[in-house]
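Subject: Handover of the structure and notes on its packing

Dear colleague,

Here is the structure I said I would pass on to you, with my notes below it. Please read the notes with the coordinates open beside them.

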Amino acid sequence: MSAFLAWGYELWWRPAAVVLSLYPILGAVAWTVGGLFYRFFYVGKFRQQDFVRMAPQDEPFVTIMIPAHNEEVMIEETIDYLMNDLDYHNYEVLVCDDGSKDTTPDILERLSLRYPRLRVLRIEANQGKAHAFNIGVAFARGEYILSNDADTVPERDALWKYLNYFLSPAGQNIGAVTANMDVQNRSLLVEKSQTVEFSSIVGIIKRSQIGVLGSMYAYSGANTMYRRDALYDVGLFRQDRATEDISICWDQQYAGWKADFAPDIMFYMNVPNTLTMLYHQRRRWAKGGTESWLTNVGRVVRHPLRNVPKVVLLLDQTGSIVWSLYYLLFSLWLAARLVLSIVTGNTEDLFHTVDIVLVFSAVISLVGWWQLVAALALDNHGAKLRYLLFAPAYMVWYWQMNAITVATTLVPAVRGVLGYSGKGTWVSPVRTRMTAETTAEEREDELV
């Protein structure tokens, strides 16, 4: 029996442990290669010189939709920016106030008197972002709808750049275009760490998915432009999912619509500035990612040859889930071994365990620096190289939080897919006010 167990360990567990241990490095290599492919070989991308500025009389009508709940800190600055600073003429701003209990309704009422193009829908009961968006689509006047969070602002040229994708000869089948996110509040360490994340991981992964696979795993819920017909075609947003931006992305692509990523369209978002806020955000993301895996694995497996790009996306998600669980167990085992070696006075085991921790930390730092440098080179954002020092700090908390949130949301995700969790509601985070001057300085700094 012991020989059989030893054989099983050598045949299966040790190779699996090696692969899982190397998974982040393998992923970083794959996404870097994919990002380079997008940059130098992918022919479907727009470049800055390819964008065409249309005449005002030729501009399609656009609805900028803001689903909002308790957004008194940020909503006025966001609307002021959207009304006054966009380089576009033919649009409206539609706010779907989903049962706000703070002063958000009063602010919106006052702003409605100031801006004729601002329309407000009041939903009395808080039923979540997806529900608010679905209600808003019925009242939207635009053929194209820009989903814009209350704490988010797109660059001035964003609307007509977005429309270049939809109106291009190859754009008739595009269901949605998602833009390139940047962080505007960067004072605290946790904020700077997320700047590293969105600069080094999110953008390069989306480039790889579109450039190599021609398919995308998720839109950015904070700023994505949708073709209204494509939303209706898939029955709008799923209201029983934790992350509506992942589910709508998969639903549209399964219905035959193309998803696209626009790295040269920037938008700026306030990110969580405490670990508690960040944990709640990432827990929702982890639950939504697992729900997406559970929802789509069946229909992908049934026809794998028809869905090769989606097979790759699901394999990557599978690897992320399995790796998170492995990493959590490995960390617990390492901590227990460290404590045991101290208690028993086994200095050999103690030094060996410390060596493992140091080597692992070095790998974390290397992966973080590598991804950030590669991504910034692709984005031509040399000004962000000063955030290189925060790459190791980002990787440290990101890996811990990713493992914990995936593990703690497995059961809720299964319940959600089975229909036991009901429709979602949202609780907006406690935001730190960003003044218009600070926001402008951050954005200007990136353009220097």
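What follows is an account of the overall make-up, the nonpolar cores, a few buried residues and three helix pairs.

Please bear in mind throughout that this is a predicted model. The protein chain has 448 residues, of which 52% count as buried, and its secondary structure comprises 14 helices and eight strands. Among the contacts in the protein chain with a separation of 6 or more, 83% are between residues 24 or more positions apart.

The nonpolar cores

The largest nonpolar core holds 48 residues, and the members that touch the most others within it are Val-62, Ile-64, Ile-66, Ile-79, Val-93, Leu-159 and Met-225. At least two residues of this core come from each of strands S1 (62-68), S2 (91-98), S4 (144-148), S6 (174-183) and S8 (258-269), and likewise from each of helices H2 (75-84), H3 (104-114) and H5 (158-167). Helix H5 gives the most to this core, with seven residues. Apart from this core lies another, of 26 residues, which includes Leu-121, Tyr-226, Leu-236 and Ile-248. As general background, nonpolar side chains tend to be buried together in soluble globular proteins.

Ile-66 illustrates the surroundings of one core member: leaving out residues up to four places away in sequence, Ile-66 touches Ile-75, Thr-78, Ile-79, Leu-82, Val-93, Leu-94, Val-95, Cys-96, Asn-148, Asp-149 and Ala-150.

Helix H5 is largely enclosed by the rest of the structure, because nine of its ten residues are buried. Those buried residues are Ala-158, Leu-159, Trp-160, Lys-161, Tyr-162, Leu-163, Asn-164, Tyr-165 and Phe-166, so that the list takes in Lys-161 and Asn-164 as well as nonpolar residues.

Individual buried residues

Thr-178, which lies in strand S6, is buried with a relative accessible area of 0%. Apart from its neighbours within four places in sequence, Thr-178 is in contact with Tyr-162, Lys-206, Met-216, Tyr-219, Ser-220, Asn-223, Thr-224, Asp-260, Phe-261 and Ala-262.

The loop between helix H6 (189-213) and strand S7 (223-227) holds Ala-218, and Tyr-217 is found in that loop between H6 and S7 too. Ala-218 counts as buried because its relative accessibility is 12%, under the 20% cut-off, and Tyr-217 counts as buried at 11%. The C-alpha atom of Ala-218 is separated by 7.6 Å from that of Ser-247, although the two residues are 29 apart along the chain. For Tyr-217 the corresponding partner is Trp-250, 33 residues away in sequence and 6.9 Å away in space, C-alpha to C-alpha. Setting aside neighbours within four places in sequence, Ala-218 is in contact with Lys-206, Asp-245, Ile-246 and Cys-249, whereas Tyr-217 is in contact with Gln-209, Ile-246, Cys-249, Trp-250, Gly-289, Ser-292, Leu-313 and Gln-317.

Three helix pairs

Two packed helices are described by the angle between their axes and the distance between the axes, and I have set out each pair in those terms.

The axes of H2 and H3 come within 10 Å and cross at roughly 20°, which makes H2 roughly parallel to H3, and the crossing is right-handed. On the H2 side the residues that meet H3 are Ile-75, Glu-76, Ile-79 and Asp-80, and their counterparts in H3 are Ile-107, Leu-108, Arg-110, Leu-111 and Arg-114. By class, this contact has five nonpolar, no polar and four charged residues.

Helices H8 (residues 244-254) and H10 (residues 308-344) pack at an angle of about 160°, with their axes 12 Å apart, and are therefore roughly antiparallel; their crossing is left-handed. Trp-250, Gln-253 and Tyr-254 of H8 make the contact with Lys-310, Leu-313 and Leu-314 of H10, a set that divides into four nonpolar, one polar and one charged.

Finally, the axes of helix H9 (residues 275-302) and helix H13 (residues 410-418) come within 9 Å and cross at roughly 50°, so the two are oblique to each other, in a right-handed crossing. Arg-283, Lys-287, Thr-290, Glu-291, Leu-294 and Thr-295 of H9 meet Leu-410, Pro-412, Ala-413, Val-414, Gly-416 and Val-417 of H13, and the contact has six nonpolar, three polar and three charged residues.

With best wishes

Methods. Residues are numbered from 1 along each chain as its sequence is written. This is a predicted model: local features need pLDDT of at least 70, side-chain atom pairs count only at pLDDT 80 or more; totals for chains, interfaces and linings use all residues. Side-chain values use heavy atoms; hydrogens and water are left out. A nonpolar core is a set of buried Ala, Val, Leu, Ile, Met, Phe, Trp, Tyr and Cys residues joined through side-chain atoms within 4.5 Å. Buried means under 20% relative accessible area, exposed over 50%, partly exposed in between (1.4 Å probe, protein chains only). Helices (H or I, at least four residues) and strands (E, at least two) are DSSP runs, numbered from the N terminus. Contact means heavy atoms within 4.5 Å. Axes are lines fitted to C-alpha atoms, for helices over the stretch in contact, and angles run from 0 to 180 degrees between N-to-C directions. Angles under 35 degrees count as roughly parallel, over 145 as roughly antiparallel, 65 to 115 as roughly perpendicular and the rest as oblique. A crossing is left-handed if the near helix is turned anticlockwise from the far one by less than a right angle, and right-handed if clockwise. Ala, Val, Leu, Ile, Met, Phe, Trp, Tyr, Cys and Pro count as nonpolar, Asp, Glu, Lys and Arg as charged, and the others, Gly among them, as polar.
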